[in-house]
Amino acid sequence: MRSIQIEKFGGPEVLVIKDIDIGKLGTKEVLIKNKSIGLNFIDVYHRTGLYPIPLPSGIGLEASGVIEKIGSEVKLFKVGDRVTHASMPIGAYSEKQIMPEEKLISIPDGVSDEVASCITLKGITAEYLLHRAYPLKKGDKVLYHAAAGALGQILCPWANSLGAEVIGTVGSKAKEEIAKKWLSPCN
Ligand SMILES: NC(=O)c1ccc[n+]([C@@H]2O[C@H](COP(=O)([O-])OP(=O)(O)OC[C@H]3O[C@@H](n4cnc5c(N)ncnc54)[C@H](OP(=O)(O)O)[C@@H]3O)[C@@H](O)[C@H]2O)c1
């Protein structure tokens, strides 16, 4: 299968399309045909070596697609299921990918592959911040920097929906207009 690989750290020119052997499916793993791939800033850190990874390596941490094969002990998913994921192992910039079933999230009907693949990492980040790092309660106050940013546009309305008072900061007038859609009234 074709996959974008890096053999050395550097600029965008180190990204090379290669034909690679995808390897053997483990018993608790699934083979996914990727339909859409999410691009994240961390991919740049992997490419430049700021976050060192063993080379050669695939690249990309987020994708959505359809399950083509399942390992013998996979319990939660079946062939044909639409799934999304946003964590290790690296290698989302590929036609296909093997992932452990425990790393997968089902894509609900009505959510496109494109939306799923660009929202999963931000969604799981917002979820752990709002529900696990600190379980947000009705009436809590939240100060969110960069409220018009990618994460802010998911986390702020989510915090609002939990009944928190959300106060945001932004760096420009244009961003203020975006952020105001997601903040509590008058903030
Ligand atoms: N996106 C993800 O999936 C994800 C996952 C995990 C963690 N994170 C972390 O969450 C944060 C926001 O990510 P994002 O994806 O929402 O980024 P983003 O859309 O690129 O937004 C970044 C914004 O942060 C503000 N900013 C930049 N430098 C700043 C500084 N020195 N002090 C205060 N604000 C500054 C700027 O907005 P203003 O001009 O409005 O201030 C900038 O547009 C980052 O720290 C990122 O590493 C993101």
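How do strand β6 and β8 pair, and over how many bridges? Strand β6, residues 82-85, runs antiparallel to β8, and two bridges link them. Keep that pair in mind while you go through the close-ups below, and remember that this is a predicted model.

**View 1. The whole chain, before we zoom in.** Here's the overview: the protein chain has four helices and ten strands. Going along the sequence, you meet them in the pattern β-β-β-α-β-β-β-β-β-α-β-α-β-α. The C-alpha atoms fit a box of roughly 55 × 40 × 25 Å along the principal axes. Of the 187 residues, 32% are buried. Now think about contacts between residues at least 6 apart in sequence: 67% of them join residues at least 24 apart.

**View 2. The five-stranded sheet.** Look for the open sheet with its strands in the order β7-β3-β5-β6-β8, paired in the antiparallel sense. At its edges sit β7 (96-100) and β8 (105-106), and each of these pairs on one side only. In case you're wondering what holds such a thing together, strands of a sheet pair through backbone hydrogen bonds. Now find Val83: its bridge partner in β8 is Ser106. Then look for helix α2, residues 113-133, which lies across β3 (29-38), β5 (62-70), β6 and β8. The helix runs at about 95° to β3.

**View 3. Leu104, tucked into a loop.** Is Leu104 buried or exposed? This residue is found in the loop between β7 and β8. Leu104 counts as buried because it has 21 C-beta neighbours inside 10 Å, and the cut-off for buried is 20 or more. Setting aside its neighbours within four places in sequence, you'll find Leu104 in contact with Val30, Phe77, Val83, His85 and Met99. For a sense of scale, pick out Val14 as well: Leu104 and Val14 are 90 residues apart in sequence, and their C-alpha atoms are 29 Å apart in space.

**View 4. The three-stranded sheet.** This open sheet has the order β2-β1-β4, again with antiparallel pairing. Its edge strands are β2 and β4, each pairing on one side only. Strand β1, residues 2-6, pairs with β2 over four bridges. One spot to check is Arg2, whose bridge partner in β2 is Asp19. On the other side, β1 and strand β4 (residues 57-58) are joined by two bridges. Follow the residues across: Ile6 stands opposite Ser57, and Gln5 stands opposite Gly58.

**View 5. Asp21, out in the open.** Slide along to the loop between β2 (16-19) and β3, and you'll spot Asp21. Why does Asp21 count as exposed? Asp21 has 7 other C-beta atoms within 10 Å, and a residue with 12 or fewer is called exposed. Ser3 makes a handy landmark here: Asp21 and Ser3 are 18 residues apart in sequence, and 9.6 Å apart in space from C-alpha to C-alpha.

**View 6. Where the two domains touch.** The chain is divided into domain 1 (2-111) and domain 2 (114-180). Their C-alpha centres lie 27 Å apart. Where they touch, 14 residues of domain 1 are in contact with eight residues of domain 2. On the domain 1 side, β3, β5 and β6 are the elements that give two or more residues. What kinds of residues are they on that side? They split into seven nonpolar, six polar and one charged.

**View 7. Two nonpolar cores.** In soluble globular proteins, nonpolar side chains tend to be buried together. The largest nonpolar core in this model has 15 residues, and those that touch the most other members are Ala147, Cys156, Ala159 and Val166. α2, β9 (141-145) and α3 (152-161) each supply at least two residues of this core, with α3 giving the most, three residues. Zoom in on Ala147 and, leaving aside neighbours within four places in sequence, you'll see contacts with Gly152, Cys156, Gly168, Thr169, Val170, Ala179, Trp182 and Leu183. There's also a second, separate core of eleven residues, including Ile67, Val83, Ile107 and Ala116. You've met Val83 already: it is the bridge partner of Ser106 and a contact of Leu104.

Methods. Residues numbered from 1 in each chain as written. Predicted model: local features only at pLDDT ≥ 70, side-chain atom pairs only at ≥ 80, totals over all residues. Pairing = 2+ DSSP bridges. Contact = placed C-beta atoms within 7 Å. Axes fitted to C-alpha atoms, helices over the stretch in contact; angles between N-to-C directions. Domains from an automatic or database assignment. Nonpolar A, V, L, I, M, F, W, Y, C, P; charged D, E, K, R; others polar. Core = buried A, V, L, I, M, F, W, Y, C linked by C-beta atoms within 7 Å.
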